[in-house]
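The following paragraphs lead the reader through one protein model. They begin with the terms that are needed and then turn to charged pairs, enclosed space, the surface and single residues.

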Amino acid sequence: MGQGAFMTCSALYFTTVVGISVPQLGLGLTIAGAVGLFAGVPLGHLADRHGGRETAALLIALNGLAAAGYLAVGSFAQFTVSACLFVVLERGGRAALQTAVAGTLRGADLVETRAYLRAITNVGVAVGAGFAGIALQLDSPAAFRTVLVLDALSFLVAAAVLTALPKVAPVAAAEGGAGQPRLAVLRDRPFALVTALSAVLSLHAVLLEIVVPLWIAGHTDAPRWMVTALFLLNTANVVAFQVRIAKRVSELPLAVRAVRQAGFVLCAACGLFAASSADGMAMAVAFLLLAGAVHVYGEMVLSAGAWVIGFDLAPADKQGQYQGFFFSGYAASAMIAPTFLTATVLQGGALGWLLLGGLFILAGLAMKPVVGWAERTRAPRLAHSG
């Protein structure tokens, strides 16, 4: 809820209250994204060694203090430093939280819980955005600062709630691992390639945030309120169906199949978005709604498959660093997506949409042999531990 409120108001707060220009805001966020890109790996390693629950609670509480630090920002340099600190702690807290979840749950329960978390997160973000609407309406520095205070407090409350999870002792390092590097994930080439393919598929995540609104405004006859309609359609479907879909993806072969299916489904969504440029408002609205429905289905299937792959390929004693690295693929995708998708889709039109759809299919198809490679590299370890 806190982050939903902050994301809704942050751009206006920094540009109108603090006085940072829009280009400076974008540059500062880009720098912060680059600094925090792999922060989840070493901080996830701390969670592996010291316990996911405790590490996650500490990092999330510190993340709250970093969020409060935005209140003291008065220049571009201060904003950039604060954003870097915030992103580093956010990435580390996310990796540690996944370590806590992996240490508490197993198998189908683990994936189902991730689905519940995603559904509840969507509800929280929507509620927070609704509260932020009050601050936007008031449009005063005090209203924006109130949102920042509530956001910082939300982190502290979340950290306290985490302490109610069962205490799980850190998983002991695997036998024969004395000669391995501490951050072994950085040398795991199959997992790196799995993460890269996941990053390609994650390009879909920014479509509704950046590409589709600009596409609707500049390439279709659809009314502007369709942007809001597609967001509501996406959120409602994730809340209603993400858990149900995740329950069907409980093991690695099913997860690989789900990712492959998601590649084709996301490609179909791209084709429908491209078709929305047809003349006439009714046709544009119809294609956009159909594209939005197909897109969110592909998104949910992909999420369920990626969760299983990310957890199952990670050694039990290194879940934190592996989850931190796996999420770095999503973070890298979010960094390059605005520039890449603007150049391909918004400038390339229908051809750009088809190119993006082709990338989704190729990444989905490539996941099976790459996951197979990753499994083979783990076979000796599994045999040794048995």
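A residue is called buried when its relative accessible area is under 20%, exposed when that area is over 50%, and partly exposed in between, with a 1.4 Å probe and protein chains only. This is a predicted model, in which local features need pLDDT of at least 70 and side-chain atom pairs count only at pLDDT 80 or more, while totals for chains, interfaces and linings use all residues. Residues are numbered from 1 along each chain as its sequence is written, and side-chain values use heavy atoms, with hydrogens and water left out. Helices (H or I, at least four residues) and strands (E, at least two) are DSSP runs, numbered from the N terminus.

The charged side chains come first. Side chains of opposite charge can pair when their charged atoms come close. A salt bridge is defined here as a side-chain nitrogen of Lys or Arg within 4 Å of a carboxyl oxygen of Asp or Glu. Five salt bridges are found when the whole structure is searched.

One of them joins Glu 299 to Arg 118, with 2.1 Å from N to O. This pair links distant parts of the chain, since Glu 299 belongs to helix H12 (residues 281-312) and Arg 118 to helix H6, 181 residues apart. Are these two residues buried or exposed? Glu 299 has a relative accessibility of 9% and therefore counts as buried. Arg 118, at 18%, also counts as buried.

Helix H6 (residues 107-138) contains Glu 112 as well. The side chain of Glu 112 forms a salt bridge with that of Lys 247, at 3.8 Å from N to O. Lys 247 lies in the loop between helix H10 (226-246) and helix H11 (252-275), so this pair ties together parts that are 135 residues apart in sequence.

A further salt bridge is formed by Glu 54 and Lys 167, at 2.9 Å from N to O. Here too distant parts of the chain are linked: Glu 54 is in helix H4 (residues 52-69), and Lys 167 is in the loop between helix H7 (141-162) and helix H8 (189-201), 113 residues apart. Glu 54 is partly exposed, with a relative accessible area of 27%, whereas Lys 167 counts as exposed at 62%. Together with Arg 53, these two residues are linked in a network of salt bridges.

The next topic is enclosed space. Rolling a probe the size of a water molecule over the atoms shows where empty space is left. On a 1 Å grid over the protein atoms alone, a cavity is a set of points where a 1.4 Å probe fits but cannot get out, and its lining residues have an atom within 4 Å of a point. Grid points are joined across faces, edges and corners, and a volume is the space filled by probe spheres set on the points.

How many cavities of 30 Å³ or more does the structure hold? It holds one, and the largest cavity encloses about 40 Å³ of space. Its lining consists of Val 194, Ser 198, Val 259, Leu 302, Ala 306, Ile 309, Phe 326 and Met 367. H8 and H12 each supply at least two of the lining residues, and H12 gives the largest share, three residues. Seven lining residues are nonpolar, one is polar and none is charged; Ala, Val, Leu, Ile, Met, Phe, Trp, Tyr, Cys and Pro count as nonpolar, Asp, Glu, Lys and Arg as charged, and the others, Gly among them, as polar.

On the surface, a nonpolar patch of about 680 Å² is made by Leu 58, Leu 62, Leu 65, Leu 71, Val 149, Leu 150, Leu 153 and Leu 156. H4 and H7 are the elements that give two or more residues to this patch, and H7 contributes the largest share, four residues. Patches are made of residues with over 30% relative accessible area and no salt bridge, with nonpolar side chains (Val, Leu, Ile, Met, Phe, Trp, Tyr) joined within 5 Å and like charges within 9 Å. Accessible areas come from the Shrake-Rupley method with a 1.4 Å probe, and for residues only the protein chains shown count as cover. Leu 150, in helix H7, counts as exposed at 53% relative accessibility.

Helix H7 also holds Ala 152, which counts as buried at 8% relative accessibility. Ala 152 and Ala 67 are 85 residues apart in sequence, and their C-alpha atoms are 5.2 Å apart in space. Finally, Asp 139 occupies the loop between H6 and H7. Asp 139 has a positive phi of about 50° although it is not a glycine, and it counts as exposed at 54% relative accessibility.

Technical notes. 1 Å grid on protein atoms, 1.4 Å probe; cavity = no way out; pocket = protein on both sides within 12 Å on 5 of 7 lines; lining within 4 Å.
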